Amino acid sequence: MSRTPITNVIDLVRECVVFLLMAATLLLAWSMEAEAGTYKDAEGRAHDWSVTADHVMEWDGRPYVPFGGMFTSAWLTRPTVATFEQDRRSLQQIKAAGVEDLYLHVMNKGASPESTQRLIDEFERLGIKYGIQPAHTFTTVTEGYYINSKALATNIKNPGRVVVTLPGSIRLTSASSVRYFVFSRSNGELIDSGEVRPDGKRKLVVDLKNVPSGGARVKFLPEIRSGRWIDPNDATLINWVQDLRLGPGFRFFLDPFGNEYRRPANFLPKSSEWRKFFSSWLSQRYSTLEALNKAWGVSGDQLSSFESAAKLIPITVEAAATAEEEWGSALIDGETRIVRVDMRRSRVWLDMSEAIDENLQTLAQTAMQRLRQVVDVPIIAKRHHEATRIWISREESRGLDGLGMESYGSGKKLARFNGAATYVEALQSVRPTWLLVTEHNRDAWNGDYVGYRSRGDMYQHFNALLALGAKGIFVFGLNLKSSSGDSQWTTFDLSNDPRQLEWLGTFAKAARANLAWLKYKPKVAGVWYPVQSSDARSFLTESLPDYGLSGSWRGASGVVENSAGEWVVPVFYPDRFAQVFYSSALTQSPILGQEAAVLKAVGSKAKQGAGFKSQATRGISSSVGAAEALVKTSVQSVNGVAEIVRWDREDGREQVEVRSLVDRPLKIDIRASQPFVVIAGDEEHQGQSTSGGSYTLAAVESESKEFTLKNSAFSANRRFGQRVSVSGKPLILEGRGMNDLHISVR
C-alpha cells in the first residue's frame with residue numbers, strides 16, 4: 001500500500017507519544033486558578049494575559065500560539081555596521097517567509113541595552129512577536145562542598161604516598177586547599193586528617209606513615225565554587241531590562257536563571273543564608289531532634305540542634321565490617337568531631353537535596369517577582385537535563401509561568417528527550433503552566449542535510465510535539481551562524497535553507513486557522529514515584545536498590561514501560577495522577593519513610609511496579625497515541641514539480657497553497673467539483689469564485705551549496721553538499737470540498 005504524508009504523520013504521532021495511553025486510567029481532573037498578569041508596553045498600552053488549564057497562554061483575550069525559532073544575533077556578538085545589516089536582512093527574510101514569532105537569545109553579556117534596543121526596534125518594525133532570553137541572569141557564584149562518597153577516595157593497605165587527581169569540572173575556592181580524612185577500614189574511626197594543596201596538574205598528594213593493619217580509606221573533601229546558585233538580589237538583569245523600551249510585540253522572558261538551568265549536582269552550599277533556611281526546613285520536617293537523629297541514623301553523640309544539623313557535611317561511606325553494618329562519616333562545619341551515621345537508616349543526602357531544591361525555588365520566586373515589577377510578562381524556563389522541583393508550583397502563590405521542552409530527535413526519542421517529562425512536570429503544578437517547545441530540531445548531527453528532509457518531515461515532527469502537550473514550537477534555530485562560529489550549528493540552522501522558513505511559516509498559518517487542537521490533553525497512563533536524581537547516591541547506602549526512576553533524559557530508565565505496554569514518567573508529587581507505580585524498596589527501607597508516607601496518602605492508586613522493563617525493549621502498540629495529527633495538514637506532490645499544502649479552517653472551509661518546486665515559471669490547470677476563491681498568487685483572478693482555471697506559479701530560486709559542520713563539543717566535523725532554495729510565491733485558494741482538487745502541469 002502506498003503511504004501518503006498524512007499516513008506518516010499518524011504513524012509518527014502514534015510512535016512518539018510513548019507515555020500516553022487511551023485507557024481507563026485517566027489523569028485526575030482538578031480546577032486551577034489561571035496564572036495571569038498585565039503587561040504595559042513602551043507606548044503605555046496595557047495587555048492582559050493569562051495561562052489556562054489547557055496550558056495555553058492567552059494575550060489580549062486570544063490564544064497566543066507561536067511557531068518560530070530561536071534567533072541569535074551577529075550584531076549583539078560583534079557590533080559593526082555589517083553585522084547589523086546581516087541581522088536586519090535575516091529578520092526580513094524570516095518575516096517574508098511567514099514566520100512571525102521569535103525569541104532573541106542574547107548570548108553576549110557585553111550587549112548593551114542600547115544595542116539590544118536597536119535590534120528590538122527591528123522586531124517591532126517588522127511586526128514580529130518576540131521573547132527575550134537574556135545573557136544576564138539571577139545567578140551568582142557561591143561556595144560549598146563537593147559531595148560524593150565514592151569520588152576522590154582510595155583504599156590503602158600499607159604506608160606510602162596517596163595521589164588523587166581533581167576532575168577538571170571541580171572549581172576550587174580561593175583558599176584552594178583541600179581537606180583530607182583517613183579512616184580505619186576495620187572500625188571506621190578517624191585516624192588522621194589535614195589539608196593539602198593541588199599541584200600544577202591538579203593532583204592531591206598525601207604521604208601516610210601510619211596505616212592500621214586492616215587498611216585505611218583516604219577521602220578528600222574539596223571546597224568548591226558553583227556558578228549556578230540563584231541570587232534574587234543581583235540587580236544586573238533588572239537594570240538591563242529597565243533600560244529597554246519593550247513594545248507591543250513583546251511576549252515573554254526565557255531562562256532568566258541561565259540557559260537550561262538545573263540544580264548544581266553533588267553540591268552542598270555553606271553560606272549562612274542556606275544554613276538558616278535548612279535549619280528551619282529541618283525543624284518543620286522533624287518535630288523533634290530525636291526524630292531528626294533517627295531519620296539521619298546518627299550514632300553515638302547526637303546532633304544537639306537543628307542549627308548544628310544544618311552545618312553537617314557528609315564525607316564518605318565506609319565498607320561494611322559485617323553484612324549488618326554500613327557506616328558513614330560526616331563533619332559538623334567548624335567542629336572537629338566526626339559524626340558517625342548508620343547508613344542502613346540515613347536519609348541525610350535525600351533531605352539535603354530536597355531542601356536545596358526548595359531553597360532554590362524560593363529564591364527563584366523572589367527573583368521572578370522582582371522582574372515582574374519591572375515588566376509583567378510570562379516567565380519561562382527551559383526544561384533540560386535533570387528533573388527538578390524548582391519549577392513545580394505547589395502553592396497558590398505565583399511561580400514560574402511556563403515550561404519549555406528541549407526535545408530533539410525523531411519518533412519515540414521526542415518523548416524521552418525532555419518531551420514527556422516536561423508535560424508531566426507541568427501537570428504537577430497547582431497553578432496552570434504554559435507549555436511550549438523552546439528548542440527542537442531533528443538529530444542533525446547524524447545527517448548530511450540542514451534541518452528537515454522535507455516539508456512533510458517537518459510537519460510530522462511538529463505534530464508529534466503537539467501530541468506531547470505543547471501549545472507552540474520554537475525551533476533551534478535561526479541565524480545561528482552569527483553566534484559563536486559560522487560552522488558550529490550548520491545542520492540546525494534553517495536559515496541555511498530558506499525554503500524551510502516558509503515551511504515553518506505555513507505550518508503556523510495552518511495551526512492558527514483552526515485552534516481546536518489547543519483543547520487536546522495527552523492522557524497519562526501512570527507515573528512512577530519518586531524521582532531518583534543522578535546524584536542521589538552521593539551519600540547513601542550501597543545496599544538500597546534503585547528506589548525510583550532517573551529524572552534525567554540521559555538516564556536509561558527515565559521513562560519505562562510495564563508488561564501491558566503502558567508507559568510511565570517519574571514524578572516528585574504523585575497526588576494528581578490516577579495510577580502511581582513504585583518500587584518495593586519504597587516500603588521496605590527505613591530510609592524512605594517520608595516517601596512511603598506520601599505513597600500511603602495516595603491510597604489505592606498506588607501499585608508496585610512489578611514487570612517494568614527498560615524503555616528500549618518493547619515497541620509501541622497501535623493503540624497508543626492520538627488517532628490523527630492535531631494540526632491537519634496534507635502535503636502532496638504534483639509530478640515532482642509542484643507541491644500542494646492543504647489544511648482545515650475553523651469556519652469549515654479549507655485553504656490550499658500551491659507552489660512550484662522548479663526554477664522556472666510553471667503553468668498549471670486546476671479543476672474542482674465545488675467553487676473555490678483565488679485569495680492570492682494570481683492578480684487577474686484574485687477574489688473571484690471559480691471551479692477551475694489556468695494559472696502560472698512563480699519560479700523557485702535555488703542553488704547548490706557546500707556546507708561545513710565543525711563542532712568539537714559534539715565530535716562533529718564534516719562537509720556536505722545540499723541544494724537549497726527560497727520558496728516561490730504560492731497560489732492560494734480557499735473553499736469547501738478541496739480534497740478532490742485536480743491539478744495538472746502543462
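## A quick tour, starting at a four-stranded sheet

Start with the sheet whose strands run in the order β1-β2-β3-β4: these four make an open sheet, paired in the antiparallel sense. Now pick out residues 35-40 (β1) and 62-64 (β4), which stand at the edges; each has a single partner strand, so one side of each has no neighbour in the sheet. Turn the view a little and look along the sheet: from one strand to the next, the twist averages 30°. Keep in mind that you're looking at a predicted model.

Next, select residues 46-51. That's β2, and six bridges tie this strand to β1 in an antiparallel pairing. Which residue does Y39 stand opposite in β2? Click on H47 and you'll have found the one facing Y39.

Stay with Y39 and show some side chains. Add W59, F71, F123, Y130, F250 and F253, and you'll see a cluster that ring pairs link together with Y39. There's plenty more of this kind to hunt for, as the structure holds 33 aromatic pairs.

Now jump to R118. What does its charged end sit over? One ring is that of W75, with its centre 5.1 Å away. The other is the ring of F84, whose centre lies 3.7 Å from that charged end.

Finally, zoom out to the whole chain. Colour by secondary structure and you'll have 14 helices and 40 strands to look through. Of the 746 residues, 59% are buried. Switch on the surface: the accessible area is about 29300 Å², and carbon and sulfur atoms account for 47% of it. As for contacts between residues at least 6 apart in sequence, 75% join residues at least 24 apart.

Key:
Residues are numbered from 1 along each chain as its sequence is written. This is a predicted model: local features need pLDDT of at least 70, side-chain atom pairs count only at pLDDT 80 or more; totals for chains, interfaces and linings use all residues. Side-chain values use heavy atoms; hydrogens and water are left out. Helices (H or I, at least four residues) and strands (E, at least two) are DSSP runs, numbered from the N terminus. Buried means under 20% relative accessible area, exposed over 50%, partly exposed in between (1.4 Å probe, protein chains only). Contact means heavy atoms within 4.5 Å. Accessible areas come from the Shrake-Rupley method with a 1.4 Å probe; for residues, only the protein chains shown count as cover. Rings of Phe, Tyr and Trp (its six-membered ring) pair if their centres lie within 6.5 Å; planes under 30 degrees apart count as stacked, over 60 as edge-to-face and the rest as tilted. A charge sits over a ring if NZ of Lys or CZ of Arg is within 6 Å of the ring centre and within 35 degrees of the ring normal. Two strands pair if DSSP finds at least two bridges between them. Axes are lines fitted to C-alpha atoms, for helices over the stretch in contact, and angles run from 0 to 180 degrees between N-to-C directions.
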